[in-house]
Amino acid sequence: MSGRAIRRCLVALSAWAAASSLTAAPGPNASRTQILFLGTAGGPPLRFDRSEPSTLLIVNGREYLIDCGIGTTRRLVEAGIDSSQIRTIFFTHLHADHDMGLADVMANDFFEGGGAGTAGPFDIYGPPQTKQLVDAGFQFISVGFRPFAAAPPTAYRIRGGSFVSPFVAHEIDHDGLVFDDGNVRVIAAENSHYVMIPAATRPQFKTYSYRVETADGVIVFSGDTGPSGSIGAIAKGADVLITEASYRDTQDLDESISARAARNHWSPVVTKRFRDHFVHEHLDTAEIGQLAATARARAVILYHYDPADEADRAAYVSGVKKNFAGPVFAPGDLDRLCLSSGVLAACGSARR
Ligand SMILES: [Zn+2]
Ligand SMILES: [Zn+2]
């Protein structure tokens, strides 16, 4: 390693250590509220090192899955978690990077207990079209289970020639309280991620941020969102703001868009449309810092991002810290954070 590379590494490590509040972290079993990152990438392109967006919130031993991108089941297996023990799933929105892993999860759930009807329902919450997604997913997996069920005596519940689905879709079409099981309360707020969709068709395409209230504190999931709109209100006073960081800064955006435009031979109009999507419908690190500071959030966790290397990951953190004085975490897949009495700390990796 060259002297310059070593210096770059040291700078990255010191920024990472400063940013990550590496204080005495509680063990994973000590905290009643844990956040396990199953997928921290953003956008549909698949990556080697990061799975698509999916986060597991565990509160008092009860699991809630927020989004379900490609790779979710693989990460659950790596963490030693059977997806069928997760009975509640929330979708922030139905872009492909956030929901294409659902059929995998449904297949495992159905195989492990749902098919025989011994498991309770799996409740899936999300914006309009969630029922269509869930029903299509069940039809898709049904084809692969018919041969199992064709050999009598079958344990599968069949009605009118079709499997009885244990998956129940709940569409969210309003802001405010959308879920309360006595363990967590979930408040939804439509955000600005779809502002470029024409107003006439936008009601079919809602996109939400979620504020989750637990006994250990308030956790806000930004989902995908632009800098304006309701995210500021819903993040107010949050103990933890888990936020997308789709690009680091303007330079990062310009470089990645130029490369993509050249590769795909985009016209100037298409290139501008793509750039506008990031500027108006996603967040960069400076905007995240402003948002967290204005909302007086206590800690920020970045995800839905694509840092090139460790130095770049530290630059994402530094970008937020220009405007926000609190701790900023930049996890990778299977990193776990624990929340106790409103204080967030890293508590190891779930990778076995
Ligand atoms: Zn996304
Ligand atoms: Zn999106």
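Author: A residue is called buried if 20 or more other C-beta atoms lie within 10 Å of its own, and exposed if 12 or fewer do. Keep that in mind as we walk through this model, which is a predicted one.

Reader: Okay, what makes strand β5 "mostly covered"?

Author: Of the 5 residues in β5 (residues 122-126), 4 are buried. Each of those 4 therefore reaches the cut-off of 20 C-beta atoms within 10 Å.

Reader: And which strands does β5 pair with?

Author: Strand β4 (residues 88-90) pairs with β5 in the parallel sense over 3 bridges, with T88 opposite D123. Strand β8 (residues 167-171) also runs parallel to β5, joined to it by 5 bridges. There, F122 has F167 as its bridge partner.

Reader: How do you know that those count as pairs?

Author: Two strands pair if there are at least two bridges between them, and β5 has 3 with β4 and 5 with β8, so both qualify.

Reader: F167 came up just now. Which residues away from its own stretch of sequence does M106 touch?

Author: Leaving aside neighbours within four places in sequence, M106 is in contact with F167, and also with G137, F138 and I141. Contact here means C-beta atoms within 7 Å, so each of those four residues meets that limit with M106. M106 is also one of the residues that touch the most other members of the largest nonpolar core, which has 78 residues; the others include I219, V240 and L302. Helix α4 (residues 102-114) gives the most to this core, with 6 residues.

Reader: Let's move to the sheet of 7 strands. What puts β9 and β15 at its edges?

Author: The sheet is open, with the order β9-β10-β11-β12-β13-β14-β15 and mixed pairing. β9 (176-180) and β15 (328-329) each have a single partner strand, so one side of each is left without a neighbour in the sheet. Further in, β12 (residues 217-221) and β13 (residues 240-244) pair in the parallel sense over 3 bridges, and F221 stands opposite I242.

Reader: What covers the buried residues of α9?

Author: The cover includes α6 (231-234), β13, β14 (300-303) and α10 (310-321). Among the buried residues of α9 (residues 285-295) are I288, G289 and L291.

Reader: What makes the phi of N60 worth a remark?

Author: Most residues other than glycine have a negative phi. N60 is not a glycine, yet its phi is positive, about 50°. L334 is another non-glycine with a positive phi, about 75°.

Reader: Buried or exposed: which is N60, and which is L334?

Author: N60, in the loop between β2 (54-59) and β3 (62-66), has 12 other C-beta atoms within 10 Å, so it is exposed. L334, in the loop between β15 and β16 (335-340), has 20, so it is buried. Each sits right on its cut-off, since the limits are 12 or fewer and 20 or more.

Reader: Last one: why is the protein called as compact as a globular protein of its length?

Author: Its radius of gyration is 21 Å, close to the 20 Å that the globule rule gives for 352 residues, so the description fits. It comes to 10 helices and 17 strands, and 45% of its residues count as buried.

Notes. Residues numbered from 1 in each chain as written. Chains lettered and ligands numbered in written order. Predicted model: local features only at pLDDT ≥ 70, side-chain atom pairs only at ≥ 80, totals over all residues. Core = buried A, V, L, I, M, F, W, Y, C linked by C-beta atoms within 7 Å. Contact = placed C-beta atoms within 7 Å. Rg over C-alpha atoms; globule rule 2.2 N^0.38 Å.
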